[in-house]
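Here are some short exercises, each followed by a worked solution. Keep the sequence and the 3D view open while you work through them.

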Amino acid sequence: MNKTHKRVSTTAILYWLVMSILFFDIMIQWNKRWESSIETDAEGEAGQEHQDIMRLALTFDDGPHPVYTSLLLDGLQERGVKAAFFVTGENALEYPELIERIHREGHLIGNHTFSHVELSAVGQEVFLEELEKTNQVLEELTGEEIIYVRPPYGEWNQEIEELCGMFPVLWDVDSLDWYSKNKDAVIRRVLADVEDGDIILMHDSYQSTVDAALYLIDQLSEQGYEFVAVDELLFD
């Protein structure tokens, strides 16, 4: 009787030991799956949050201007916003300290030819010479290779791109600030047309543009837009 009782007790102990091991193994596996599902949900939410961010890029042509570029830079710095400045070589030579400031404050600098020439008017050879001359000026001032170009009037072709090896940056929204030179008109035009992912064309040559640009940054930021350097939109 005692031997039988001992055998039964030993079997019971082994049974409960095996069941306990299985139970703990199941709990461990369940816990891993639970943690994995939380991580997946978190990644999904992060990805969705990234997709929900609406981004815009401000670009300014024809500068630098001795008065208005500085005012614009002050406003951008106060708001923590980066922009792109497509400058002419002749203005860069005349106001090198502004090119250095634009670069120092982290804005993108691009080529807008040396004297704002139109490709169809001067021909391919002269146009390429203007790009090269401007690149030399800008690279000497910034210490960096200039790879982006905003062709005046948007005139560009594949052959020019292959020959100069630069990346053209056009635009989605033209503020026509050069035409109206009126803050309210510029604001109305941009707000009417702007959408997520747009590149906005402006010119840092007028007080009205400075006022409009800073107002647009404040207004569109309140609507959930984030302003980024244009290369972030081009290659994201």
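Of the 236 residues of the protein chain, 38% count as buried (under 20% relative accessible area, with exposed over 50% and partly exposed in between, using a 1.4 Å probe and protein chains only). This is a predicted model, in which local features need pLDDT of at least 70 and side-chain atom pairs count only at pLDDT 80 or more, while totals for chains, interfaces and linings use all residues. Residues are numbered from 1 along each chain as its sequence is written, and side-chain values use heavy atoms, leaving out hydrogens and water.

**Exercise 1. Take stock of the chain.**
Find how many helices and strands the protein chain has.

*Solution.* Step one: the secondary structure comes to eleven helices and eight strands. These are DSSP runs numbered from the N terminus (helices H or I, at least four residues; strands E, at least two). Step two: look at contacts, meaning heavy atoms within 4.5 Å. Among those between residues at least 6 apart in sequence, 75% join residues at least 24 apart.

**Exercise 2. Place strand 7 among its partners.**
Work out which strands pair with strand 7, and whether its residues are buried or exposed.

*Solution.* Step one: strand 1 (residues 54-61) runs parallel to strand 7, with five bridges between the two; pairing requires that DSSP finds at least two bridges. Here D61 stands opposite H203. Step two: strand 6 (residues 173-174) also pairs with strand 7 in the parallel sense, over two bridges, and D174 has L201 as its bridge partner. Step three: check both faces. I199, L201 and H203 lie on one side and I200 and M202 on the other, and all are buried. Since five of the five residues of strand 7 (residues 199-203) are buried, the strand is largely enclosed by the rest of the structure.

**Exercise 3. Do the same for strand 3.**
Identify the bridge partner of A84 in strand 3 and say which way the residues of strand 3 point.

*Solution.* Step one: strand 2 (residues 84-87) pairs with strand 3 in the parallel sense over four bridges, and A84 is partnered by L108. Step two: from strand 3 (residues 108-111), L108 and G110 point one way, I109 and N111 the other, and all are buried.

**Exercise 4. Find the buried face of helix 4.**
Which residues of helix 4 are buried, and what covers them?

*Solution.* Step one: L98, I99, R101 and I102 are buried in helix 4. Step two: down the helix axis, the buried residues fall within an arc of 160°, so they line one face of helix 4; the arc is that of the directions from the helix axis to the C-beta atoms. Step three: the cover includes helix 2 (68-79), strand 2, helix 3 (89-94), strand 3 and helix 6. Step four: after helix 4 comes G106, with a positive phi near 85°.

**Exercise 5. Describe how helix 4 meets helix 6.**
Give the packing angle of helix 4 and helix 6, then examine V137.

*Solution.* Step one: helix 4 (residues 96-104) and helix 6 (residues 124-142) pack at an angle of about 65°, their axes 9 Å apart. Step two: P96, I99, E100 and H103 of helix 4 meet L138, L141 and T142 of helix 6. Step three: V137 also lies in helix 6 and, at 11% relative accessibility, counts as buried. V137 touches G89, A92, L93 and F114, leaving aside residues up to four places away in sequence. V137 and L93 are 44 residues apart in sequence, yet 7.0 Å apart in space, C-alpha to C-alpha.

Note on methods
Axes are lines fitted to C-alpha atoms, for helices over the stretch in contact, and angles run from 0 to 180 degrees between N-to-C directions.
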